Amino acid sequence: MRLRDSNLFRFIIFVLIPLIVIIICGFSSGSYYAGLVNLFGINVILVASLNLVNGFSGMFSMGHAAFMAIGAYAAAILTLPANQKLISMPGLPEWLIYMRLPYPVALIIGGILAAFVALLIGFPVLRFKGHYLSVATIGLIVIVRAVLDNEDELTNGARGVTGLPNYASTWTIFGAAVICLFILYRLIRSSYGRGLTAMRDDYVAAQTIGINLTTKKISAFCISAFMAGVAGGLWGHMQSVISGKFFYIDASFKIVETSIIGGMSSLSGAVVGSLLMTFIPELLAPLETGIEVFGIRLPELYGASNLIMAALLIVIIIFRRQGIMGYSEIITESLFSAKTYSSVLKKSEYKKLCDIVAHKIKELSSRVKSKGA
Amino acid sequence: MLEINKLSVKYDNIRVLHYISMQIRKGEMVALIGANGAGKTTVLRTISGLLKAESGEILFEGKDITKMSSHNIVASGIIHVPEGRQIFTKMTIEENLKLGAYLQRDRSVIKRNFEKVFSLFPILKQRLHQQAGTLSGGEQQMLAIGRALLGNPKLLLLDEPSMGLSPIMTQQVFSVLESLKKEGITMLLVEQNAYEALEISDRAYILETGNITLEGRSSGLIQDPNVKKAYLGGD
């Protein structure tokens, strides 16, 4: 009997503990750690949606930062008060200047715009096989950056848009993240999702069972872009400042890197990858300013955290190419199965968990004893 | 049921099929025989829409399907079992079979087809939740055929079902094809294994470097001295 087979154990690890952390962060908004947890939530949306394209459908998109930018600017324009827009973005049409929508609606409109742009570039590109999509999406990032930096009247140019209202609370972010994960999870389990993985595994065989590759690719790409747009809107309102430089190639690459480390073909991989990529760089940050270890003062290692993250990526690619989670879906499976939740009410589940833990401890102590002898 | 008129196909600038014509009648099993590189696979791929024809037409039940895209051709009832057992190795057998019914919406039809496949290939039922990549070569071919049957085919295109199989497995695959024939499924069988193919089929076409050089009843062709010499290893 393994620990992970216990539904109660799954509940504690994947539901209860995250929930407690989220609740604590929700009530201590503004603190540094709450900000990090929020960033983790946004990363989950970004990486999980990228996995739909890169992991489950076998295409390779690098363009998530561009879709984020579209979502972030759209949400900003739709939620900022008119006097602010008149100063920073006077070139907007009048109806847009005076339009203010509720934040969730603005997020969704941002997502739809991102999906629409995905449709525009996906339609010519995705009809071909091969890595045309990666190249086209890198191009898209450059184009979006150029537009954001140069359309002074519409976007306030390279100065960016500041003073975004802080609507992206922990509740909103994790609400959106759970909804996105749920949608992706159901999508992948449906016949649509099976079609996607069939296309990834063998496109000739996929065609012979009647899968329309073009519509499959484009629709997956658009769904993914939609979620990236929503994540962009969340990110902008969390940071309260957006400008072109935040949505450039390095940002996109970081999302791709997270996806590879966690496991491209797994939604749970998106969660694990985001967890590592959000918190490890923060843990490593003291290295850059110099720390004392056992009385020895280390010099200031600028760029150390980037270096270590890059090394981590290389190690993962060499030793575990499918990413940390591989093809496993244990987290999403536990999160969205009724069994996990009903286990809380069952006495037998508690007994089972106790038995497993007792067994593990016994095993461990006997191992220690045999070593001692 | 299927009519091919003066079909030609090019790969880049090289024409590999030279204006060939073929007919398949309902309920018939037709074999297409030829050496390596004769263009057999090209014929199947063009019928199922994976390749585009240069000229000529393909009519299926009187409807022109030459320019249709592959998923619409599958929907109209032509199912291709591709060469080399292209199954989805990382998925379970059940998922593979379910994918075969990808375009089917009617649950009762899917259920009936599942039962049909299980009665033809009991081994697949036993290993339903096993990964398809763990099956032996012959079993993978059974799965590929089973997957195609779940698409509810009116016309089944079989590309070298005996390729790379042991003689015993080859016999098994051919006996399955025989029982499909008894059920009245129309089939176009591409084979290098000419003797077996002629034994089992009603009629046959012989393809040589993109031209059909001979056609007729299989029982007649099997006696034909030229065929014997070229394909059956006889003297």
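This passage looks at the overall build of chain B, then at one of its strands, and finally at the side of chain A that touches chain B.

The model described here is predicted. A good place to start is the general make-up of chain B, whose secondary structure comes to 10 helices and 10 strands. The C-alpha trace of chain B spans about 45 × 40 × 30 Å along its principal axes. For a chain of 235 residues, a compact globule would have a radius of gyration near 18 Å, and the 17 Å found for chain B therefore agrees with such a globule. Burial adds to this picture: 44% of the 235 residues of chain B count as buried. The contacts within the chain can also be sorted by separation along the sequence. Among contacts in chain B with a separation of 6 or more, 68% are between residues 24 or more positions apart.

Strand 8 of chain B, which covers residues 186–191, is a helpful element to follow more closely. This strand is mostly covered, with six of its six residues buried. In a regular strand, side chains alternate between the two faces of the sheet. In strand 8 of chain B, B:Thr186, B:Leu188 and B:Val190 point one way, while B:Met187, B:Leu189 and B:Glu191 point the other way. Both sets are buried, B:Glu191 among them.

Strand 8 of chain B also has partners to pair with. Strand 3 of chain B (residues 29–34) runs parallel to strand 8 and is joined to it by five bridges. Within this pairing, B:Leu32 has B:Val190 as its bridge partner. Strand 7 of chain B (residues 155–159) likewise pairs with strand 8 in the parallel sense, over five bridges. Here B:Leu157 stands opposite B:Leu188. The connection from strand 7 to strand 8 involves a helix as well: together with helix 7 of chain B (residues 167–182), the two strands make a right-handed β-α-β unit.

Attention now turns to where the two chains meet. Contacts between them involve 14 residues of chain A and 22 residues of chain B. On the side of chain A that touches chain B, helix 10 (191–201) and helix 11 (203–208) of chain A each supply at least two residues. Helix 10 of chain A gives the largest share of that side, namely five residues. By residue type, the side of chain A that touches chain B divides into five nonpolar, six polar and three charged residues.

How values were computed. Residues numbered from 1 in each chain as written. Chains lettered and ligands numbered in written order. Predicted model: local features only at pLDDT ≥ 70, side-chain atom pairs only at ≥ 80, totals over all residues. Helix = DSSP H or I, 4+ residues; strand = E, 2+ residues; numbered from the N terminus. Rg over C-alpha atoms; globule rule 2.2 N^0.38 Å. Buried ≥ 20, exposed ≤ 12 C-beta atoms within 10 Å, placed from the backbone. Contact = placed C-beta atoms within 7 Å. Pairing = 2+ DSSP bridges. Right-handed = clockwise from strand over helix to strand, strands pointing away. Nonpolar A, V, L, I, M, F, W, Y, C, P; charged D, E, K, R; others polar.
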